[in-house]
Amino acid sequence: MIDTEIEPSRHDDVETNTPDTRFATPNAQPAASESEPPPQLAASSPLGREYRIGIVGCGPRGLYCLQSLADELQNCESLPPLAIVIFEPSDFPGAGNVYDPRQPRFLKMNFAAKHIDAWPRYDERCRRRLNLVDWLNHDGGCNTDPNSFVSRAAVGQYLHHCYQHVTKQLEQIANVSVLQEEVTSIGQLTEAWQVRTDRTLFNFDELLLTVGHGRWPEPPEKCVCETSAFIPTFPVSENLTQERIPSKCDVAIRGFGLTWIDATLALTEGREGEFHQSGQDWTYHPSGHEPACVYPFSRTGRPMLAKPDESLFNQPAELDDIWASGREAIEAIARPITAQTLSYELWPIITDTAASAINCSTDSSATTSETVQAWFKNWCDATMDADESLRAMKRSYNVATGHAKPDIAWALGAAWRNLYPALVQSVSYGGLASDPWPKFRNIASEMERIAFGPPAENVGKMLALIEQGIVNLQFISGSIEQKPSGSEELLFLKNAVKTHTVDRCIDAVLRSPKECTTLGPFQSLVDEKAVEHLPGAETLHIDNQGRPVKRIGNTPDGIAIIGRATEGCVLGNDTLSRTLHDHPQRWAAFVVKRIQNAEILK
Ligand SMILES: Cc1cc2nc3c(=O)[nH]c(=O)nc-3n(C[C@H](O)[C@H](O)[C@H](O)COP(=O)(O)OP(=O)(O)OC[C@H]3O[C@@H](n4cnc5c(N)ncnc54)[C@H](O)[C@@H]3O)c2cc1C
């Protein structure tokens, strides 16, 4: 087995207490507070100096970009001196916060291990680099079923290992520094980008922002406010401890997506309770440290549907042709896609593909595109109560584990997943006009529930907890209110008929992509008008190399943004997949061209 007690790699080529000043401008002011002594800032020579590349945030996407850059640079015959500075506050670059290898193993991936590969497969060299499954089988000493849903911690170990490999490769070409610091803002100078951390300033010729979800939000102070403030879910080992959420208390969870499942597992399996599977069903043996009751609540009560377990769910081979023709049909649609095209061409292709899939899987011809559309409309219109929500979870679990016949929900989810690569191509970079965005957004966010849900195993576990009364869905389409009661603020869960006081509330709703555009480094760029939002998508507008696109004024050189803050402009880019998008490769190729043309180096 892989050692879970792994150490972070050497993180600071530069001592953390001694700021790296090689890239500071002569007149730069330190960003530290006045009470701290200003760091020593060295002047850098404007000519003949190193070409300076800054990477802000090194989770998976920062890693992918560094990997592509290393390969591009290795293909170059002559190179000027290069310096690369990586800003990454977390302990395991490559893994970042989401895939922190120290997190508990019950926090699982939501797609099968066989889809995870940190390397693009474009040449012989890449064939020798291991994907997750081969790495786990080879270096990890554990036999991993490619269809299984492994822990995020194991994926983090893999990603951090890939990062170490990539930085070694880069160190042969460039001077690489890793700073465990958070970038707080970015400014545009005449010929450089200025990056500010709490301790100093750096100037770069080329800057990449891959900050994903940003840092996890801070939990409330450990004091009275815990009873009335929302406690963020991550990191679960720090935020959802028994000290913060005592056993036997009543806990509300805001949100009914993937994160509520992680939070609930942390309060049960994470407290030494045990799940057991007998046949198809799961049962739970409590440890006695669980909360008295967990009450998830959301606006709609609609659950995330279980992802089929491919080892239990036999799919006819003919489905591949159905998916392929659906993708071709989407690729043939003229861009930009208008409201008319969305309603009368694109959406019908998806529902028609789903209808063909279900007919093929059930050997019938009963389902039509219209039946699927009507099902989806009913689904979207429903605000589900506890019984309806539970029925939908049970049904999807039975289908996902091969114990019930495929249904329309399965077919629509499978169609969305399989047509998604074509949707990414058609919709990204303004492929969808601004008018149809609200409708598309509604479809896409509903399809997240239907297509990109949890592994069946996790739905089975939640059903066991509901059965046992540890999870209660009676406020599932309810809301929460903070109200003073005596000298305290208390939290009240409400539904149409009753109110219930809870002792704690966990926030299981992550920052939206739009909210990510207001993270420190982006807000400073928006304020300086260096970047713009794409109308309709409402996230940052970039081109296929990650370069900001502006309608007014000059598009800035030397900066790129890749990841969650551009979701919509680039569809579905908050993923581990390396095949769905090729920004890292395009970005790296462009940067190398810029390096080779850079005046300062001649
Ligand atoms: C709980 C959770 C579970 C997920 N599960 C899956 C899954 O199963 N499958 C899947 O495909 N996707 C999953 N995702 C989506 C996930 O975000 C992507 O897979 C992937 O992490 C995106 O990588 P990223 O590098 O763009 O962003 P992130 O992983 O968020 O990494 C960004 C990095 O930037 C750093 N950073 C942030 N702000 C700053 C700053 N100001 N200065 C310097 N550094 C900064 C952070 O420390 C972090 O390391 C999940 C997301 C979450 C939140």
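This briefing covers the domain layout, one domain interface, the salt bridges and two individual residues of the structure. The model is predicted. The domain assignment divides the chain into domain 1 (51-97 + 165-215 + 514-601), domain 2 (224-304 + 466-507) and domain 3 (319-451). Between domain 1 and domain 3 the buried area is about 1100 Å², and no salt bridge is found across that interface. In the structure as a whole, the salt bridges number 25.

**Domain 1 against domain 3**

- The C-alpha centres of domain 1 and domain 3 are 34 Å apart. Domain 1 brings 16 residues to the contact and domain 3 brings 13 residues.
- Of the roughly 1100 Å² buried between domain 1 and domain 3, 66% lies on carbon and sulfur atoms.
- Three residues, Gly-536, Leu-571 and Leu-580, account for 49% of the area that domain 1 buries against domain 3, and no other three residues supply as much.
- Polar contacts between domain 1 and domain 3 amount to five residue pairs, with both residues at pLDDT 80 or more. On the side of domain 1 that touches domain 3, eight residues are nonpolar, six are polar and two are charged.
- The rule finds zero salt bridges across the interface of domain 1 and domain 3.

**Salt bridges**

- Asp-100 and Arg-102 form a salt bridge through their side chains, with an N to O distance of 2.8 Å. Asp-100 is buried because its relative accessibility of 17% is under 20%. Arg-102 has 44% relative accessibility and counts as partly exposed.
- Asp-407 and Arg-395 form a salt bridge at 2.9 Å, N to O. The two residues are 12 residues apart: Asp-407 is in the loop between α10 (386-400) and α11 (408-427), while Arg-395 belongs to helix α10.
- In the pair of Asp-407 and Arg-395, the aspartate counts as buried at 14% relative accessibility, and the arginine counts as partly exposed at 42%.
- Arg-586 and Asp-582 are joined by a salt bridge whose closest N and O atoms are 3.0 Å apart. Arg-586 is partly exposed at 35% relative accessibility, and Asp-582 is also partly exposed, with a relative accessible area of 32%.
- A network of salt bridges links Lys-108, Glu-269, Glu-457 and Lys-461.

**Thr-300**

- Thr-300 sits in the loop between β12 (293-297) and α7 (319-331).
- Thr-300 counts as buried because its relative accessible area, 11%, is under 20%.
- The Thr-300 side chain reaches the backbone nitrogen of Arg-302 at 3.0 Å.
- Leaving aside residues up to four places away in sequence, Thr-300 touches Ala-382, Thr-383, Met-384, Arg-449 and Ser-477.

**Gln-172**

- Gln-172 lies in the loop between α4 (152-171) and β3 (175-179).
- Gln-172 counts as exposed because its relative accessible area, 64%, is over 50%.
- Gln-172 and Pro-296 are 124 residues apart along the chain, and their C-alpha atoms are separated by 51 Å.

Technical notes
Residues numbered from 1 in each chain as written. Predicted model: local features only at pLDDT ≥ 70, side-chain atom pairs only at ≥ 80, totals over all residues. Heavy atoms only, no water. Domains from an automatic or database assignment. Contact = heavy atoms within 4.5 Å. Buried area = accessible area lost by both parts, 1.4 Å probe. Salt bridge = Lys/Arg side-chain N within 4 Å of Asp/Glu carboxyl O. Polar contact = N/O pair within 3.5 Å; in protein donor to acceptor, adjacent residues only side chain to side chain. Nonpolar A, V, L, I, M, F, W, Y, C, P; charged D, E, K, R; others polar. Helix = DSSP H or I, 4+ residues; strand = E, 2+ residues; numbered from the N terminus. Buried < 20%, exposed > 50% of the residue type's maximum accessible area, 1.4 Å probe, protein only.
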